[in-house]
Amino acid sequence: MTDAELDTFRRTVRTDSGEISYLDAGSGRPALFLHGLGTNAHIWRNVIDQLRGERRCIALDLPLHGRSPALTGKMSLPALAEAVEDFCSALDLTDFDLVTNDTGGAVGQIFVARHGHRLRTLTLSNCEAHDNLPNEAFAGTVALAREGKLAPLASRMLTDLAMSRSSGRGIGANFEHPDRVSDETLRDFLAPVAGSAESIRRFEELLASLDPADLLTAEIELRKLKTPTLIVWGTADLHFELKWAYWLRDAIPGATDVVEIDGGKLFFPYERAGELVAALRRHWNSN
């Protein structure tokens, strides 16, 4: 699906949390997709392309990401979870299948703990769990944010795409094949959070707010969750070790399976969409 085709599915809705931009493609039972920090709804573009013939695929840009403006109030994971609830209310979404990746999984866990009645099924992929927030590989970036020193790195990530693509230093470390990711895609992910002094300041605010207490609070309800839950995990992720997939499986009563994506990195939904789609179809068709 080209960028032009993708844009035909772009919509905007006003919610109690502010304006939210989203992709809405296909028809049928809705599936809602949540991305992580520093990306946007386009991380799901290849998944949506494969599923839009059979499902209504909705992928929002979380506030401050993609084409959605930052929240007027404090940026935090609980605030993002409430923005998701406000989005669902605005679109009257219920009985849907929630699919998450990266810190969208943390947002999703908080959302489910508060508003789990909206879900039919849940899918978690490579994300925070228990007290793994921030994860060890991301802790240095969070420390810079808490010191108000993230701006030089964030600005360079946007202007020096070779560094951003680097498998050892930039966002490229989250791709299995960063050399295959276009400059346009990298800019699309990075510009909303690193394109101005104000956006960097709000991104710093969000990173500085990361608190394991938010996940641990949600975990109380997660341990009661009987909603059918699938866990799909890229095994070569630098941020979230495979052990966390099995921790989630054991913690969630409704967890049915762990699907391992051998060699997959954090952003495997973008690169290996077919494997995720196959797992989603099995999960959805059996529940």
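**Exercise 1.** In this predicted model, decide whether Asp 92 counts as buried or exposed, and then describe where Asp 92 lies.

*Solution.* We begin with the relative accessibility of Asp 92, which is 63%. Since a residue is called exposed when its relative accessible area is over 50%, Asp 92 counts as exposed because of this value of 63%. As a next step we place the residue in the chain, and find Asp 92 in the loop between helix H3 (77-91) and strand S5 (96-101). Finally, we look at the backbone, where phi of Asp 92 is near 55°, a positive value in a residue that is not glycine.

**Exercise 2.** Examine the loop between strand S6 (119-125) and helix H5 (139-146), in which Pro 134 is found, and state what is noted about His 130 and about the peptide bond from Leu 133 to Pro 134.

*Solution.* His 130 is found in the loop between S6 and H5, and its phi is positive, at about 55°, although it is not a glycine. With a relative accessibility of 25%, His 130 counts as partly exposed. We then turn to Pro 134, which is found in the loop between S6 and H5, and see that the peptide bond leading from Leu 133 to Pro 134 is cis, with omega near -5°.

**Exercise 3.** Describe the largest pocket by its volume and its lining.

*Solution.* The volume of the largest pocket is about 650 Å³. Its lining consists of 28 residues, and those nearest the centre are Phe 138, Thr 141, Met 157, Ile 171 and Asn 174. The elements giving two or more residues to this lining are helix H6 (151-159) and helix H8 (183-194). Sorted by character, the lining holds 17 nonpolar, 8 polar and 3 charged residues.

Methods:
Residues numbered from 1 in each chain as written. Predicted model: local features only at pLDDT ≥ 70, side-chain atom pairs only at ≥ 80, totals over all residues. Heavy atoms only, no water. 1 Å grid on protein atoms, 1.4 Å probe; cavity = no way out; pocket = protein on both sides within 12 Å on 5 of 7 lines; lining within 4 Å. Points joined across faces, edges and corners; volume = space filled by probe spheres on them. Helix = DSSP H or I, 4+ residues; strand = E, 2+ residues; numbered from the N terminus. Nonpolar A, V, L, I, M, F, W, Y, C, P; charged D, E, K, R; others polar. Buried < 20%, exposed > 50% of the residue type's maximum accessible area, 1.4 Å probe, protein only.
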